[in-house]
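Biologist: Hi, could you walk me through this one? I'd like to start with the open spaces and what lines them.

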Amino acid sequence: MTEAIDPSGTVADAELDSMRSRLRALCGRRRVDGLALMGTYPPGVPPSFYAEVAQMLSSSDDDTNTNSTGDTTDEERKADDSVVVLLDGYKGVERALESGCVNVLKINVSELATLLGKQASDIHRMANSLFESFAGVRVLALTDGGERAYLFQRGDDRPDYAFELPDVDVVNPIGAGDTVAAVFLVQLVRAGGLGDPVAVADAFAGALAVASASCLCKHGAE
């Protein structure tokens with residue numbers, strides 16, 4: 001299966017400013033329960049853009065926790081597991097992860113190794129290294145080809161999960177990874193966020209099942 005993707009044109013500053021304005025208006029108008037940040041930046045988009053977007057969401061004053069003075073602190077916003085900010089990307093995403101606003105990272109095993117600057121090795125060690133490097137990440141969802149996937153959640157009381165994927169006669173795998181991210185995000189929002197570790201695992205299992213099924217279709221995830 002070969003997919004041809006033309007290089008993106010350069011995004012103009014005015015286009016970026018327009019998107020920023022629309023996102024600020026959305027976050028100021030209503031509570032946003034979930035946000036997906038997907039893929040690699042096209043030319044013209046600064047490496048800080050995903051961090052900007054995630055911080056817009058975390059800075060929303062709607063339905064957030066407040067401290068004893070009635071003010072919402074940055075720490076409380078970042079710890080709000082009911083708001084899901086999922087990142088599916090590994091190139092140039094360090095600033096977004098360091099912002100503390102991204103709480104779910106969904107990538108594959110080789111991408112995780114690249115992000116950490118390591119050779120692909122023991123998956124559990126790489127997961128621990130990810131959690132040590134980026135304190136805001138609560139959930140790491142990893143795919144590893146068409147056979148298995150893994151889920152890690154921050155906290156000693158939260159178990160790790162390994163998933164065996166079904167053996168399917170693949171017709172078109174294009175879009176399966178995006179399908180995992182999209183369904184995972186929707187299911188997490190429906191579950192009320194990241195508070196229940198079993199619900200998080202169920203959400204990822206469901207996303208993997210839908211993505212596997214999409215590979216059976218001629219038009220893939222479309």
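Modeller: One definition before we look: Asp, Glu, Lys and Arg count as charged, Ala, Val, Leu, Ile, Met, Phe, Trp, Tyr, Cys and Pro as nonpolar, and the others, Gly among them, as polar. With those classes, the lining of the second largest pocket divides into three nonpolar, four polar and four charged residues. Please keep in mind that this is a predicted model.

Biologist: OK, and which residues line that second largest pocket?

Modeller: The lining is made by His124, Ala127, Asn128, Phe131, Phe152, Gln153, Arg154, Gly155, Asp156, Arg158 and Asp160, and the volume of this pocket is about 150 Å³. Helix H6 (123–133) and strand E5 (148–153) are the elements that give two or more residues to this lining, with the largest share, four residues, coming from H6.

Biologist: What about the largest pocket, which residues lie nearest its centre?

Modeller: Lys106, Thr143, Ala176, Gly177 and Val180 lie nearest the centre, out of 29 lining residues, and the space in this pocket comes to about 660 Å³. At least two lining residues come from each of strand E3 (104–108), strand E4 (139–144), H7 and H8, and H7 gives the most, with four residues. By class, the lining has 13 nonpolar, ten polar and six charged residues.

Biologist: You mentioned H7 and H8, so at what angle do they pack?

Modeller: Helix H7 (residues 176–190) and helix H8 (residues 197–214) pack at about 145°, their axes being 8 Å apart, and H7 passes H8 in a right-handed crossing. Residues making the contact include Ala176, Val180 and Phe184 of H7, together with Ala203, Phe204 and Ala207 of H8. Sorted by class, this contact has twelve nonpolar, four polar and no charged residues.

Biologist: Switching topic, how many cavities of 30 Å³ or more are there?

Modeller: There are two cavities of 30 Å³ or more, and the second largest cavity has a volume of about 30 Å³. Asp81, Arg138, Val139, Gln153, Arg154, Arg158 and Leu194 line that cavity, which by class makes two nonpolar, one polar and four charged residues.

Biologist: Last one: why is helix H2 largely enclosed by the rest of the structure?

Modeller: H2 (residues 49–58) is largely enclosed because eight of its ten residues are buried, where buried means under 20% relative accessible area. Those buried residues are Phe49, Tyr50, Ala51, Val53, Ala54, Met56, Leu57 and Ser58.

Conventions: Residues numbered from 1 in each chain as written. Predicted model: local features only at pLDDT ≥ 70, side-chain atom pairs only at ≥ 80, totals over all residues. Heavy atoms only, no water. 1 Å grid on protein atoms, 1.4 Å probe; cavity = no way out; pocket = protein on both sides within 12 Å on 5 of 7 lines; lining within 4 Å. Points joined across faces, edges and corners; volume = space filled by probe spheres on them. Buried < 20%, exposed > 50% of the residue type's maximum accessible area, 1.4 Å probe, protein only. Axes fitted to C-alpha atoms, helices over the stretch in contact; angles between N-to-C directions. Left-handed = near helix turned anticlockwise from the far one by under 90°. Contact = heavy atoms within 4.5 Å.
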